Amino acid sequence: MSRPAYRTPVIGDDGPELRARLQAIWETKPGLLGFLGTVDHKEIGIRYIVTAFLLLAAGGVEALVMRLQLAGPDRRLLTPEQYNQLFSTHGMTMIFLYASPVLSGFSNYLWPLLLGARDMAFPRLNALSYWVYLAAAIFLYTGFLVGAGPNDGWFNYVPYALAEYNPGLNQDYYALGMILLGISTSVGAANFIVTAFKMRAPGMSINRIPIMVWGTLTASVANLAVVPAVSLAFFMLWLDRRFGTHFFDSAGGGQPLLWQHLFWLFGHPWVYAIVLPAMGMVSDGLPVFCRRPLVGYSLVALGTVATMILGFGVWVHHMFATGLPALSLSFFSAASFAITFPSLIALASWLATIWLGRPVVTTAFLFFASTILLFVIGGVSGLMTASVPIDLQLTDTYFIVAHLHYTIVGINLFPVVGAVYFWFPKMTGRLLNERLGRWNFWTMFVGFNLAFLPMHITGLLGMPRRVYTYPAHMGWDGLNLLISIGSYIFAAGVLLFLINVARSRRGGAVAGPDPWGGPTLEWATTSPPPPYNFAVIPTIASRHPLWEAALDEEEARSSIHRGMLLDHGKEALATSPMDAEPERIVEMPEDSVGPFALAVGLLVLLFGLLHFQPWLSAAGGLIVAAALLAWLWPRRKLLERAEPAHG
Amino acid sequence: MSGAPLSYLGSAGSKAHQVVPLTWFALIVSTATCLIFAALIVAAVRRGRAEGDVVAAQAVIRGGNGLRWIFVSLILAAVPIAVMLVWTMIAIARTGVPPAHPALVLDVTPQQFWWRIRYRGALPSDTFTTANEIHIPVGAKVLVRLNSPDVIHSFWVPSLSGKTDAIPGQNNVTWLEASRPGRFRGQCAEFCGAEHARMGFEVVAQSPADFEAWRRGQLRSAPRPVTTEQVRGLAIVEYRCSLCHSVRGTIAGAGSAPDLTHLMSRATIAAAQLPNNPGSLRGWIEDPQARKPGTQMPNQHLDAAQLNDLTAYLGTLK
């Protein structure tokens, strides 16, 4: 009746009978409960990506409306308040609700496939991370749709965000919504970290993991460290606004600069957190189309980690004008210069990979390769902001708007769209249309540069950021018209992408398991992969398990179709953190609506707090408590009560 | 640059002189870097481009000393970055420290959405307040002390000086020194609310003699009204405008809006948004919210006759 806590897994071969058995164990049940309760990382990953792209579209439309207003001087399409809510919501959407979640989506989908695992380490936490993200997005957009969107920029400086100057619900929506989103980011980050260290296939030592895993792992460690800073800041802001505390109010002894420190202590590492995983996508995707391994794997991995470490020490370069002493400015200036070097490693590595490889120009390749150029443009403009005296002129002008869009669009959106072209066949079994893909790429590339390159010049000509209009005769009129035209061309390019996805989902060419001849494990399973990912747990002997025959460099060969069976139940393998030695069989949790119910409870609780409705808050709290109880109730099946004998 | 009053690629003062060459150096190095990378990407793709387009049909290879690329690029980048770093530190040392013995001290207090400027004299009788237009003598080091009574603003005159924030509860300082006479545009550079976009000001650099003449003029009180129109206009100022504005020499002495004592000496109104002429002044008073939605100045619902009287009186405030 009680199963032994330890057993030695049977080694066996892949086969139809085994697959049928695993399918029955791992399959998500059909129907609404299955939909709400699934913990399949692939389903969650795709939901993340789809939700993030919907929000990208919303943020894009907001930008297009703003570009109508700014197409000429003194236009009156929008009132100042409307414009201020639009630019704030645009920033919030793109930075918090698109850029980071879309990468979480890819990592959720890909990690277990890249690592040769059956699922993430904590599947239910994974589901919770998505549902809470969705709840936060709904909450934040409810504010925007009822006319109470954030109106103080995504950076939300106090005292303008305090109740005295901003009496509406705008900032309460933003503050509470951001605290909720912080929960999603934090649990997701914890899940990634444990998965990276414990769920890799045997033999996949830490120096064999794909760079994208390095990227997301590094970003996750950073998120765990810095998200508390911003969650705390937003909580303190809410207390200042609704309970009359004085954290930020100078009249009560508070300190407005405290907000800026807490925000950028989070904000700058976050900037790297939303590009490092995308840089990982380029590092993993580009070599496939260059038909050679990435140049300088170890340096690129180290560069990823080094970028993040330095990234913790540069936040003050957002605050050069706040009157801090010259000595501390010098320190942060030097640190900001230094961060160029680890970034440069990745750039040089990508360029060398193309140079020394035999590139096949596909749409995915074009997106990955163009990332190099956009990164360089965003990088050198970033380098200029590192110099304090230059930055005191550049900061808060359109030069910075250009810079940040070259980094976020250039090193997040372009790699992400490339990644969709690259991994869409894996997710759906169908290839995206290449001809439409070319149109898609060139429209986006030309439109983007037409929209954002001239912003450097309007910036140098002194156009301030965050202005709802500008006077004529400042030298900005023609350039702004050009920028607006470019932004619509760019949007048309994104639209072509969405059309390609919609059409190819059913009508695209059938991909097969490995359309690109890729090196890593995700290409060893079917497209789309079965719910259990791999019928047997693969054993890994190199960094490129599927290229071993072609490269023929080492004696050992990875074993893909023969390995541990793990078919006694919903089982996965836990391995050691560095060398990925098999350690134990892990019983994975079944589907559960607990995470969904918990997210619903949190959403209700938040609306209760927002409107100061004690009964609504109590109802939300009760749902949260019930969901947690149901979720965390100890289960014998998961061996949560039996202390296993150590041996 | 004449066509772009807020451009910071040109300079008109000793502080900006330090920064403009550094900015150009960084811009040229940056542009060159982008062009080099663009050329290398195109060359790399053309060089090895495989025949046929089915990716999976292409053989996988390894080879070439790729690490050399990384090391060489790191070394090449280190040179301009080292130059920029040292130049930056020198520029910080030369521009970051305010003068110990300034020729003139100004208290500049930005607020939603205009600039109060207080000239401190040795005696109270030498002290006066004005708005949105800063006069300085050419060649003098001027210390600017910044504070804010409401939210964060940022003081910025591109052709003279980079930005310094004005933060409630904190006394920040910056300094100006103009090397030639002229009008230089300034702008609030930290988002501060609805009319952040239209929170401009002007710095007027004058010869020391012209500056002294201007300063003495500003110390005078407002003249007494002469015509009946002007008298009625003063009454409107005293009954309505005085809740926020002040006109020295009358009972209007409030401080939450620009001092109007020498309104007509200023070239612009509404924080450098409108030219100061009778038409725009009348239009502004008639409906401030239509011209600047979000400004703190309310519509007084004055009729045409009252507007005539008021502008007639304001016209005497030279």
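**Figure 1. Chain A as a whole, and how its radius of gyration fits a globule.** In this predicted model, a compact globule of 647 residues would have a radius of gyration near 26 Å, and chain A agrees with its 25 Å. The radius is taken over C-alpha atoms, and the globule rule is 2.2 Å times the number of residues to the power 0.38. Laid along its principal axes, the C-alpha trace of chain A spans about 75 × 65 × 50 Å. Chain A holds 20 helices and five strands; helices (H or I, at least four residues) and strands (E, at least two) are DSSP runs, numbered from the N terminus. Buried residues account for 62% of the 647 in chain A. Here, buried means 20 or more other C-beta atoms within 10 Å of a residue's own, exposed means 12 or fewer, and partly exposed lies in between, with C-beta atoms placed from the backbone. Of the chain A contacts with a separation of 6 or more, 80% link residues 24 or more positions apart; a contact needs two C-beta atoms, placed from the backbone, within 7 Å.

A bookkeeping note for every panel: this being a predicted model, local features need pLDDT of at least 70, side-chain atom pairs count only at pLDDT 80 or more, and totals for chains, interfaces and linings use all residues. Residues are numbered from 1 along each chain as its sequence is written, while chains are lettered from A and ligands numbered from 1 in the order in which they are written.

**Figure 2. Where chain B touches chain A.** The contact draws 78 residues from chain B and 80 residues from chain A. On the chain B side, helix 1 (14-48), helix 2 (66-95) and strand 7 (161-166) each put in at least two residues. Helix 1 of chain B gives the most, with 16 residues. By type, the chain B side splits into 44 nonpolar, 25 polar and nine charged residues. For that count, Ala, Val, Leu, Ile, Met, Phe, Trp, Tyr, Cys and Pro are nonpolar, Asp, Glu, Lys and Arg are charged, and the others, Gly among them, are polar.

**Figure 3. A three-stranded sheet in chain A.** This open sheet of chain A runs in the order 1-3-2, with antiparallel pairing; strands count as paired if DSSP finds at least two bridges between them. Strand 1 (11-13) and strand 2 (537-539) of chain A are the edge strands, each pairing on one side only. From one strand to the next, the twist averages 55°, with axes being lines fitted to C-alpha atoms (for helices, over the stretch in contact) and angles running from 0 to 180 degrees between N-to-C directions. Strand 1 of chain A is joined to the antiparallel strand 3 (residues 559-564) of chain A by three bridges. Look for A:Ile11, which stands opposite A:Met564 in strand 3 of chain A.

**Figure 4. The loop between helix 17 (477-507) and strand 2 of chain A, home of A:Pro528.** The peptide bond from A:Ser527 to A:Pro528 is cis, with omega near -10°. A:Asn533 sits in the loop between helix 17 and strand 2 of chain A too. Its phi is positive, near 70°, in a residue other than glycine. A:Asn533 is also buried, with 26 other C-beta atoms within 10 Å.

**Figure 5. Helix 5 (residues 123-145) of chain A and what follows.** Its 23 residues, at 1.5 Å a residue, should span 33 Å, and the end C-alpha atoms are indeed 33 Å apart; the expected span is 1.5 Å times one less than the number of residues. Helix 5 of chain A is mostly covered, with 17 of its 23 residues buried. After helix 5 of chain A comes A:Gly147, with a positive phi near 80°.

**Figure 6. A five-stranded sheet in chain B.** The order in this open sheet of chain B is 3-2-1-5-8, and the pairing is mixed. Strand 3 (128-131) and strand 8 (172-176) of chain B stand at the edges with a single partner strand each, so one side of each has no neighbour in the sheet. The twist averages 25° from one strand to the next. Strand 2 and strand 3 of chain B pair in the antiparallel sense over four bridges. B:Ile117 has B:Thr130 in strand 3 of chain B as its bridge partner.

**Figure 7. Two backbone oddities in chain B, at B:Phe113 and B:Ala270.** The peptide bond from B:Gln112 to B:Phe113 is cis, with omega near -5°. B:Phe113 lies in the loop between strand 1 (104-111) and strand 2 (114-119) of chain B. B:Ala270, though not a glycine, has a positive phi of about 55°. You'll find B:Ala270 in the loop between strand 11 (268-269) and strand 12 (274-275) of chain B. B:Ala270 is buried, with 24 other C-beta atoms within 10 Å.
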